[in-house]
Amino acid sequence: MNIKIKKKEVLTKKIDKTVKPLKSLGPISDLERHLPSDWWKNIFNSLYLKTDGDVVENDLNTKYEIDLLIKATGISTNDQLLDVCCGQGRHSIELARRGFSKVKGIDRSRYLIRLARKRALEKGLRIQFSEGDARKLKGVSHSVDCVFLLGNSFGYFEREEDDISILNSILLLLKSKGKLVLDIVDGSWMRQHFEARSWEWIDQQHFVNRERSLSSDGTRIITREVITHAEKGILADQFYAERIYELSEIKRILSDLGFKTIKDFCSVQALSTRGQDLGMMANRLFITCEAPAKKNIHVSTTVKKRMTVILGDHRLPDAVKKDGKFNTEDLETIKCLKKALKKLNTYQLSFLDNHKDLLQKLIHTPPDFVFNLCDEGFKNNAKMELHIPALLEILGVPYSGAAPTCLSLCYDKSKVRAIADSMGIPVAQETYYHPNDQAANIPSVFPALLKPAYGDSSIGITQNAVVYNAMELLDYLTELTYQFPNTPILIQEFLAGNEYSVGLIGNGSLVEALPILEVNYDQLPQELPKILSYESKWMPDSAYWQKISYHEALLSADEQSKLIDYSKMLFERLDCRDYARMDFRCDAYGKLKLLEVNPNPGWCWDGKLNLMAGFAGISYEMLLDKICKAALDRYGYSI
């Protein structure tokens, strides 16, 4: 190898501390021409709460709207409730404050969801707030008693089809005769009464100018809003729009979708602390309807779903495991798994671990559902982990966990890092080295961590993987290229701070985060680098195995939100399914950075995922059941 160690270069540039004021677009004759199609992605932030706070931060409005919701639907405190487009959580929080214990909220705005979580936490209320797209609501089918969109949060999309997608996704979640409540602008009234121009003081320093017009097809009202600070100048010159439905029109849409008992419950007039421009909140329809009666999809208690659990083949060699084979600890882990699954008494279980005739058995007796726990890969080849789900895809057999594309992508750690970096998720500094390179410049940033770009289970990451100088780097690089020929090697900055894991279960907008786990290295001998090495997972006699422990992380609300938000972003972007685990670690300055993403993470009784479930009071068998149910629901099945 012809390798040059390149000294770290520190790039400096002069920082211009002059804040340039935002320029207004000036007079505009056609508002619609300047309207972004996805305006709703960025507008719901702190400025939104300033400009509309007289209505949407008004406790009297919130209490009145919740009074109407309860009166119109007859919901009880034990009902499953979903607050769609929940914003900063004002309605969910008010319901929880009144004793409603099963409230969930979803909104597209990360800013508002974080604020909702913070407010609920401050009030000691347990509410699950999730960031997600209302057009793609996912959860347990036919399980929700009432879904509501309050405060005029409907009609934001450019196409009417997207509004219908929201209603369709709600229909799938509602129980038989479950209630839907829409609090939307009265289109007939608004066409005649919207204010073409207005301006008002928000507070002592901010004022807002608005101008409005009907869209060219007459179906939407376009609004331009210029927000100004008395001293700093223009803060925003932004555009938004809302589709306006007349009562007869929205009733027809709901009826066509299958909703029943559609009622115009009442008219809603908003209160304002400023008493000025109420905009689209001025006069609203409060519509209630019911989901149609649905067929009982629950399986009879006397007929259990046939579930085949696919595992690694203990008869075959396994290069990842100690001594290249299944050990006593591995067989004990499988025994614990089988015992836990049998406790569920929900499925007609069979186990398939002989890879020699795996294909024939699946073709001859296709199961109703496969619990895919073969993280060893087909024939215990880690590179062929994706082959099992690919086979199931071909056979049309439903299965748990990630699809082949996700597994393939996440197998390459450098690609995951690049995607995370593009999403604004902090990552470690890294150099990608391929053994075929005739010459390579490797930055001399020490200490550094070396590991193969492909693989999992800490393969290639031993106590020698952390290097402190150029000589150690070259020695371990030589060892890795010999042990893993033709495999790229990643040379990363060594993150020396606290290490965390985030476990996620579910799909779509209703992904649930387990309590965050922290790795405890305090008892590890000082001479050993603090890493979850190969020894910690496969060598029972090692200090890594014996001295590393885990506990629930004690983090601030902001730190928890950051970890969970990053994890959910990656879960969605990488197309993880049903469950996943994301690992993070702080650098020496306390900045969180991504370590890796684990779709289909370790399922064993003493693994991280089950430890996190234990922090939440979830037993091993309950954890396995939650993963199965998440997968079954994704296919539209129910047990």
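How do the residues lining the largest cavity divide into nonpolar, polar and charged, and how many fall into each group? There are 23 nonpolar, 13 polar and 12 charged residues in that lining (Ala, Val, Leu, Ile, Met, Phe, Trp, Tyr, Cys and Pro count as nonpolar, Asp, Glu, Lys and Arg as charged, and the others, Gly among them, as polar). The model is predicted, and local features need pLDDT of at least 70, side-chain atom pairs need 80 or more, while totals for chains, interfaces and linings use all residues. Residues are numbered from 1 along each chain as its sequence is written, and side-chain values use heavy atoms, with hydrogens and water left out.

A cavity here is a set of points on a 1 Å grid over the protein atoms alone where a 1.4 Å probe fits but cannot get out, and lining residues have an atom within 4 Å of a point. Searching the whole structure turns up 2 cavities of 30 Å³ or more. The largest holds about 810 Å³, a volume being the space filled by probe spheres set on the points, which are joined across faces, edges and corners. Of its 48 lining residues, F44, Y48, N152, S153 and Y156 sit nearest the centre.

Then there are the nonpolar cores: sets of buried Ala, Val, Leu, Ile, Met, Phe, Trp, Tyr and Cys residues joined through side-chain atoms within 4.5 Å, with buried meaning under 20% relative accessible area (1.4 Å probe, protein chains only). The largest core has 57 residues, and F371 and L373 are among those touching the most other members. A second, separate core of 50 residues includes Y48 and L112.

Methods
On a 1 Å grid over the protein atoms alone, a cavity is a set of points where a 1.4 Å probe fits but cannot get out, and a pocket is an open set with protein on both sides within 12 Å along at least five of seven lines; lining residues have an atom within 4 Å of a point.
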